[in-house]
Amino acid sequence: VRGVQKAGIATATKHFPGFNHLPLDPALTDVVLETELTQLDTYSRPFAAMIAAGTKAVMAGPAAVRAID
């Protein structure tokens with residue numbers, strides 16, 4: 001993140017909370033991530049690290065997240 005942005009290119013981290021935790025492709029169907037809030041904290045750690053490093057944007061995924069909806 002820092003190196004890319006130092007070169008003048010904005011970074012974005014995507015897609016919160018992470019597609020690898022979804023049962024289906026949210027681009028093809030409506031998807032709900034069924035997870036506890038404590039597990040969501042684990043999923044969010046890479047995003048928190050990117051934010052701490054200065055990423056310019058976080059892209060949300062198109063899935064509903066039951067723990068925060």
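Which residue forms a salt bridge with Asp41? Keep that in mind as we walk through the structure, which is a predicted model. We will come back to Asp41 once its helix is on the screen.

**Stop 1: the whole chain**

Start with the chain in cartoon view. You should find 2 helices and 4 strands, and from the N terminus on they run in the order α-β-β-α-β-β. Turn the model around: the C-alpha atoms fill a box of roughly 40 × 25 × 20 Å, taken along the principal axes. Of the 69 residues, 28% count as buried. Among contacts with a separation of 6 or more, 76% are between residues 24 or more positions apart.

**Stop 2: helix α2**

Now select residues 37-52, which make up helix α2. Here is a small check you can follow with a distance tool. At 1.5 Å a residue, these 16 residues should span 22 Å, and the end C-alpha atoms are 21 Å apart, which agrees.

Follow the helix along and look for a change of direction. Where does α2 bend? Click on Ser44: the bend there is about 45°. Pro46, a proline, follows within four residues.

Next, show the side chains of Leu40, Tyr43, Ser44 and Phe47, the buried residues of α2. They pack against β1 (12-16), β2 (32-33), β3 (57-60) and β4 (64-65). Just after the helix, pick out Gly54, which takes a positive phi of about 105°.

**Stop 3: two salt bridges**

Stay on α2 and select Asp41 and Arg45. This pair answers the opening question: Asp41 forms a salt bridge with Arg45, and their closest N and O atoms are 3.5 Å apart. Both residues lie in α2, 4 residues apart, which is about one turn of the helix. Asp41 has a relative accessible area of 42%, so it is partly exposed.

The count comes to 2 salt bridges, so there is another pair to visit. Select Arg66 and Glu34, whose closest N and O atoms are 2.8 Å apart. Arg66 lies in the segment after β4 and Glu34 in the loop between β2 and α2, so this pair ties together parts that are 32 residues apart in sequence. Is Glu34 buried or exposed? At 53% relative accessibility, Glu34 counts as exposed. As a general idea, side chains of opposite charge can pair when their charged atoms come close.

**Stop 4: the nonpolar core**

Hide the charged side chains and select Leu22, Val31, Leu33, Leu40, Tyr43, Ala63 and Val65. These 7 residues make up the largest nonpolar core. You have already met Leu40 and Tyr43 among the buried residues of α2. In soluble globular proteins, nonpolar side chains tend to be buried together.

Zoom in on Ala63. Leaving aside neighbours within four places in sequence, Ala63 is in contact with Leu22, Pro26 and Val31.

**Stop 5: Gln5 and Thr11**

Move to the start of the chain and select Gln5, which sits in helix α1 (residues 2-6). With a relative accessible area of 19%, Gln5 is buried. Which side chain does the side chain of Gln5 make a polar contact with? Show Thr11 as well: the two side chains make their polar contact at 2.7 Å. A polar atom of the Gln5 side chain also lies 3.4 Å from the backbone nitrogen of Lys56. Beyond its neighbours within four places in sequence, Gln5 is in contact with Ala10, Thr11, Gly54, Thr55 and Lys56; Gly54 is the residue with the positive phi from Stop 2.

Center the view on Thr11, found in the loop between α1 and β1. Thr11 is buried too, with a relative accessible area of 12%. Its side chain makes a polar contact with the side chain of Thr55 at 2.9 Å. Again leaving aside neighbours within four places in sequence, Thr11 is in contact with Val1, Val4, Gln5, Thr55, Lys56 and Ala57.

**Stop 6: along β1 and into the loop**

Finally, select Lys14 and His15. The peptide bond from Lys14 to His15 is cis, with omega near -20°, and His15 is found in strand β1.

Your last selection is Thr29, in the loop between β1 and β2. Thr29 has a relative accessible area of 34%, so it is partly exposed. Draw a line from Thr29 to Phe16: they are 13 residues apart in sequence and 17 Å apart in space, C-alpha to C-alpha.

Notes:
Residues are numbered from 1 along each chain as its sequence is written. This is a predicted model: local features need pLDDT of at least 70, side-chain atom pairs count only at pLDDT 80 or more; totals for chains, interfaces and linings use all residues. Side-chain values use heavy atoms; hydrogens and water are left out. The expected span of a helix is 1.5 Å times one less than its number of residues. The bend at a residue is the angle between axes fitted to the seven residues ending there and the seven starting there. Buried means under 20% relative accessible area, exposed over 50%, partly exposed in between (1.4 Å probe, protein chains only). Contact means heavy atoms within 4.5 Å. A polar contact is a pair of N or O atoms within 3.5 Å; within protein, one must be able to donate a hydrogen and the other to accept it, and residues adjacent in sequence count only if both atoms are side-chain atoms. A nonpolar core is a set of buried Ala, Val, Leu, Ile, Met, Phe, Trp, Tyr and Cys residues joined through side-chain atoms within 4.5 Å. A salt bridge is a side-chain nitrogen of Lys or Arg within 4 Å of a carboxyl oxygen of Asp or Glu.
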